[in-house]
Amino acid sequence: MSGNLAIHADGLRKSYPGPGGAVEAVRGLSLSVPKGEFFGLLGPNGAGKSTTIGMLTTMVRPSAGHAGICGLDVAADPVAVKRRIGVVAQDNTLDIELTVAENLEFRGRYFGLGRRAARARAQDLLALFGLTDRGRARVFELSGGQLKRVMIARALVHRPDVLFLDEPTAGLDPQSRLHLWDILRGLQADGQTILLTTHHMEEAETLCDRLAVIDHGRVLACDSAKALRDSIGAETVVTVVHEGGDFDLAAVRAMARADRVEAADGQVRVFAKDADGVLSDLVALAAKAGLTVLDASQISPSLETVFLTLTGREFRE
Ligand SMILES: Nc1ncnc2c1ncn2[C@@H]1O[C@H](COP(=O)(O)OP(=O)(O)OP(=O)(O)O)[C@@H](O)[C@H]1O
């Protein structure tokens, strides 16, 4: 394992027992994240993001494969790994009996800081996260955005090498989300390696140096957002949802600008590098075939179209 890697995963698999047979949550996932990188796992609900974080952070035992943090084997050395990582789960895991500052101080004490050092570290983090005036507040008095900031601050008390964030801005209002983005960018500028999961395209695109697009427990593509767009998503995707029969697909395929056509379940989808006029041509073809158009959309090249191109389905489902 290279000394420069913060996170390394090789062939990770996880299956959970389920009533209808095993659920293959992660199916052979490999990735390498160098120190200092801001890395994103981007995928829809159920793609396997949380399970992957669980395996990388000692919380979920892999069914197969290998995970490493800063050269340490996660399965063989979980205690040492725990000292090198900070983890922010989706749900609130703060101690509601304690004040905000106490939540941070107690974490410092747990990691071996003396009382005074723990208090100083807590105050430094409160300042860094814009929470100095909330130190004495109880957890239940915080807004959603403040809560997340405290959780991230607490995960950083012991100065971990790698920070894991599972959908950190899910459920936050746009202003709190932007504030958190600023904080995360600042952490990375100070050298923090960060892995986050998200199903928020803009978040992935704004924050992450590289992304792994995952679905059904597999990495479909891994690169910078720009490289992903340039390599596989450089097509506009035009979708028409219809009823009352089927399109004449030969006619759709014959449209000059259609690079690729997919049709299923009352939808026809055209991928085109130059999509000028494709939507109106499709609507005209629908009218000619006596179909009722229920919905029509056109998505410009983006991570969304990368996902569509890779999986054939909409991202937010
Ligand atoms: N403890 C568990 N027992 C059984 N099945 C599970 C368990 N945890 C996750 N799964 C299943 O594994 C699959 C992947 O789930 P996971 O939570 O890793 O996905 P995710 O991408 O993080 O989704 P979300 O965005 O909803 O958190 C899903 O089908 C989920 O239902």
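I began with a definition: a residue counts as buried if 20 or more other C-beta atoms lie within 10 Å of its own, as exposed if 12 or fewer do, and as partly exposed in between. I also noted that the model is predicted.

**Entry 1: single residues**

I looked up isoleucine 96 and found it in the loop between β6 (85-88) and α3. I counted 9 C-beta neighbours inside 10 Å, so isoleucine 96 is classed as exposed. I then checked a partner distant in sequence: phenylalanine 140 is 44 residues away along the chain, and the two C-alpha atoms are 6.7 Å apart.

I turned next to alanine 286, which sits in helix α10 (residues 278-288). Is alanine 286 buried or exposed? I recorded alanine 286 as buried, because 21 other C-beta atoms lie within 10 Å. For this residue I also looked up the separation from alanine 225, which is 61 residues away along the chain; their C-alpha atoms are 35 Å apart.

**Entry 2: positive phi values**

I looked up histidine 216, a residue other than glycine, and read a positive phi near 50°. Histidine 216 belongs to the loop between β9 (210-215) and β10 (218-223). I found 15 C-beta neighbours inside 10 Å, and therefore entered histidine 216 as partly exposed.

Aspartate 265 is not a glycine either, and I noted a positive phi of about 50° there. I placed aspartate 265 in the loop between β12 (260-264) and β13 (267-272). With 5 C-beta neighbours inside 10 Å, aspartate 265 is exposed.

I added glycine 312, which comes just after α11 and has a positive phi of about 75°. Helix α11 itself covers residues 303-311, and I listed its buried residues as Leu303, Thr305, Val306, Phe307, Leu308 and Thr309.

**Entry 3: helix packing**

I examined helix α3 (residues 100-110) against helix α5 (residues 144-155), whose axes come within 9 Å and cross at roughly 20°. Angles under 35 degrees count as roughly parallel, which means that α3 is roughly parallel to α5. I recorded the crossing of α3 and α5 as right-handed.

I then followed α5 to helix α6 (residues 174-189), and found their axes 9 Å apart at an angle of about 20°. That angle makes α5 roughly parallel to α6. I entered the crossing of α5 and α6 as right-handed.

**Entry 4: the ligand**

Which residues come nearest to the ligand? Of the 13 residues around the ligand, I noted Tyr16, Ala25, Lys49, Ser50 and Thr51 as the nearest. I found that β2 (23-34) and α1 (49-56) are the elements giving two or more residues to this shell. The largest share, 3 residues, comes from α1. I sorted the shell by class and obtained 4 nonpolar, 8 polar and 1 charged residues.

**Entry 5: the whole protein**

I closed with the overall figures. The protein has 11 helices and 14 strands. I recorded that 40% of its 317 residues are buried. The C-alpha trace spans about 80 × 40 × 40 Å along its principal axes. I looked up the division into domains and found domain 1 (5-230) and domain 2 (235-300). The C-alpha centres of domain 1 and domain 2 are 41 Å apart.

Conventions: Residues numbered from 1 in each chain as written. Predicted model: local features only at pLDDT ≥ 70, side-chain atom pairs only at ≥ 80, totals over all residues. Near = placed C-beta within 6 Å. Helix = DSSP H or I, 4+ residues; strand = E, 2+ residues; numbered from the N terminus. Nonpolar A, V, L, I, M, F, W, Y, C, P; charged D, E, K, R; others polar. Domains from an automatic or database assignment. Axes fitted to C-alpha atoms, helices over the stretch in contact; angles between N-to-C directions. Parallel < 35°, antiparallel > 145°, perpendicular 65-115°, else oblique. Left-handed = near helix turned anticlockwise from the far one by under 90°.
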